[in-house]
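Here are my notes on the model you sent, set out as numbered points so that each can be checked against the coordinates.

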Amino acid sequence: MFFMFKVKCSSCGFEFEVKSGKIPKKCPYCDKEGTLERKKSAQELLEEVEELEKNYVIKDKEY
Ligand SMILES: [Zn+2]
């Protein structure tokens with residue numbers, strides 16, 4: 001099974017999909033190193049929101 005995700009270059013803003021499961025060291029567009037960041041998938045963003053909601057519930061109980 002391929003592990004696919006999107007990466008984005010923080011320098012030039014170039015976005016592309018990675019299929020190997022590893023983030024390349026260099027941006028294929030501007031050729032800079034260390035600028036590529038993994039973009040969060042929709043599922044991960046959803047989980048993050050759920051986590052935030054849990055924290056709010058805990059805070060509400062404290063007050
Ligand atoms: Zn770039």
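1. Which residue in β2 does Val7 stand opposite? The residue in β2 that stands opposite Val7 is Phe16, and since the model is a predicted one, I would read this pairing, like the other pairings below, as part of a prediction.

2. On confidence, the chain has a mean pLDDT of 85, and 90% of its residues reach 70 or more. Confidence is highest in β3, with a mean of 93, and lowest in α1, where the mean is 80. As a general caution, predicted coordinates should not be read in detail where pLDDT is low.

3. The chain holds one helix and three strands, and these follow one another along the sequence in the pattern β-β-β-α. The helix, α1, covers residues 42-62, while β1 covers residues 5-9, and the strands β2 and β3 cover 15-18 and 36-38 respectively.

4. The three strands form an open sheet in the order β2-β1-β3, and the pairing is antiparallel. Its edge strands are β2 and β3, each of which pairs on one side only, and from one strand to the next the twist averages 35 degrees.

5. Between β1 and β2, which run antiparallel, there are four bridges. Besides the Val7 and Phe16 pair already mentioned, Phe5 stands opposite Val18 in β2. The two strands form a hairpin with five residues between them, and in that turn Gly13 has a positive phi of about 85 degrees, a backbone value that you may wish to look at in the coordinates.

6. On the other side of the pairing list, β1 and β3 are joined in the antiparallel sense over three bridges. Here Lys8 stands opposite Glu37 in β3, and Cys9 has Leu36 of β3 as its bridge partner.

7. What makes Glu44 count as exposed? Glu44, which lies in helix α1, counts as exposed because it has 12 C-beta neighbours inside 10 Å, and the cut-off for that class is 12 or fewer. Relative to the hairpin turn, Glu44 and Gly13 are 31 residues apart in sequence, and their C-alpha atoms are 21 Å apart in space.

8. Turning to overall dimensions, the chain has a radius of gyration of 17 Å, whereas a compact globule of 63 residues would have one near 11 Å. The C-alpha trace spans about 50 × 30 × 15 Å along its principal axes, and buried residues make up 5% of the 63 residues in the chain.

9. Finally, on contacts, if one takes those between residues at least 6 apart in sequence, 32% of them join residues at least 24 apart. I would set this figure beside the radius of gyration of 17 Å and the 5% of buried residues when describing the chain as a whole.

Methods
Residues numbered from 1 in each chain as written. Predicted model: local features only at pLDDT ≥ 70, side-chain atom pairs only at ≥ 80, totals over all residues. Pairing = 2+ DSSP bridges. Axes fitted to C-alpha atoms, helices over the stretch in contact; angles between N-to-C directions. Buried ≥ 20, exposed ≤ 12 C-beta atoms within 10 Å, placed from the backbone. Rg over C-alpha atoms; globule rule 2.2 N^0.38 Å. Contact = placed C-beta atoms within 7 Å. pLDDT = per-residue confidence, 0-100.
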